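This report looks at the pairing of charged side chains and at how far the partners are open to solvent. Please keep the sequence and the structure in view while reading.

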Amino acid sequence: MAEHLSARDMLAKLVSFPTISRDSNLELIDWVRGYLAGHGIESQIVRSATEPKANLFAQIGPAVPGGVVLSGHTDVVPVDGQDWSTGPFDVVERNGRLHGRGTCDMKGFCALGLALVPEMLKAPLKRPIQLALSYDEEVGHRGVPSLIEAMVARLPKAAAVFVGEPTGMQVVSQHKGGCALTTRVRGFEVHSSLVHTGVSAVTAAARLVVWHAERMEENRRAAEALGDDAPGILFDPPYTTLHNGLIQGGTATNITAKDCWFSSDIRSLPNEDGREWFARYRAECDRVAAEMQAIRPQTGVDIEVRLLAPGCRKEPDGEAERLARLLTGDTEEHAVSYGTEAGHFQNEGGYSTCVIGPGSIEQAHQPDEFLEVSQLEAGEAFVRRLIAHLAS
Ligand SMILES: [Zn+2]
């Protein structure tokens with residue numbers, strides 16, 4: 001049975017599945033699969049090997065190259081500890097805003113692609129629209145690599161990918177790469193009067209934390225020296241940032257700390273390789289660990305990689321950017337410092353990719369998260385223009 005839902009009703013439907021990243025997204029995926037099947041569209045599922053989660057992709061229109069991918073993630077961030085004045089999983093409209101977890105980040109864009117399927121079928125499209133829905137974007141982009149691999153293997157290659165993270169429907173052609181790490185330092189406990197025979201995990205961690213601050217200062221100075229010629233000039237700030245948001249260690253003032261851990265958040269310019277930053281940091285950890293082990297061999301430094309996501313580079317004559325500009329009329333250059341799955345499509349899938357979607361990143365992850373009705377409408381108009389473009 002073919003179901004017809006407005007963009008707003010589709011958004012409400014998607015938000016009603018509480019697909020927080022730590023939980024399963026299979027109910028949402030099953031529902032989407034049934035909805036598409038009702039319209040005669042077969043979807044393909046790429047399951048997680050370890051968790052009850054799945055990606056989904058589907059093609060509407062002829063199986064030919066040159067189509068467009070509409071990409072979104074199905075997971076949302078938690079609402080724990082947030083003060084919501086509405087039920088987070090019910091979409092509530094107030095003053096022209098649609099409140100609900102994921103309305104802005106980023107079920108709004110997913111809803112547009114799905115709600116307009118009947119119009120895509122009716123057009124009819126001469127080149128296909130491919131819908132791509134991932135899991136676990138918010139917790140390290142764990143779903144999208146297998147989704148891209150399957151799409152590249154099983155679908156005719158699309159000419160452009162639009163990743164619908166909130167950009168206010170502006171064409172974002174580049175964003176920074178992301179690297180999130182947890183470093184665990186193992187020291188050796190002794191009474192602090194005998195500090196020279198122990199190894200303080202806190203002291204070692206402090207040296208590594210300072211390494212981050214020093215590298216960022218170098219980057220800042222290099223960008224300042226280059227001025228308008230700095231490769232990251234469109235970004236704010238125009239250089240790779242390194243930040244430690246969490247740290248914990250030690251048990252007492254008079255004991256050398258046995259354990260200390262801290263987080264790292266490295267946001268690299270898209271022209272730099274995030275893996276290179278990780279390699280530099282690992283080398284520094286090895287250097288510090290060697291000094292610790294000279295005193296106590298059982299000490300050490302372990303790094304857990306929680307996210308290593310490529311940035312999105314500005315493509316020379318990129319088809320995705322060209323098409324998005326044609327459909328929106330946006331002629332300005334936009335670069336953002338938050339990460340998306342766009343870098344994966346570009347780097348691992350070899351797709352021309354840009355970021356464009358309804359809503360503002362300022363509302364993402366917030367209590368009372370919302371998407372403005374006008375943004376949903378602007379997004380709907382955008383997808384309708386895309387349909388007309390691919391039907392002509
Ligand atoms: Zn998002």
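A salt bridge is taken here as a side-chain nitrogen of Lys or Arg within 4 Å of a carboxyl oxygen of Asp or Glu. This is a predicted model, in which local features need pLDDT of at least 70 and side-chain atom pairs count only at pLDDT 80 or more, while totals for chains, interfaces and linings use all residues. Residues are numbered from 1 along each chain as its sequence is written, and side-chain values use heavy atoms, with hydrogens and water left out.

The structure holds 26 salt bridges, and three of the pairs are set out below with their N to O distances.

| Acidic residue | Basic residue | N to O distance |
|---|---|---|
| Glu291 | Arg207 | 3.0 Å |
| Glu321 | Lys314 | 2.8 Å |
| Glu333 | Arg325 | 3.7 Å |

The pair of Glu291 and Arg207 links distant parts of the chain, since Glu291 lies in helix α7 (residues 274-295) and Arg207 in helix α6 (residues 201-226), 84 residues apart. Helices (H or I, at least four residues) are DSSP runs, numbered from the N terminus.

For accessibility, buried means under 20% relative accessible area, exposed over 50%, and partly exposed in between, with a 1.4 Å probe and protein chains only. On this scale Glu291 is partly exposed at 38%, and Arg207 is also partly exposed, at 34%. In the second pair, Glu321 is buried at 10%, whereas Lys314 is partly exposed at 33%. In the third pair, Glu333 is partly exposed at 36%, whereas Arg325 is buried at 16%.

Beyond these pairs, a network of salt bridges links Glu51, Lys53, Asp136 and Arg142.

Definitions and conventions:
Helix = DSSP H or I, 4+ residues; strand = E, 2+ residues; numbered from the N terminus.
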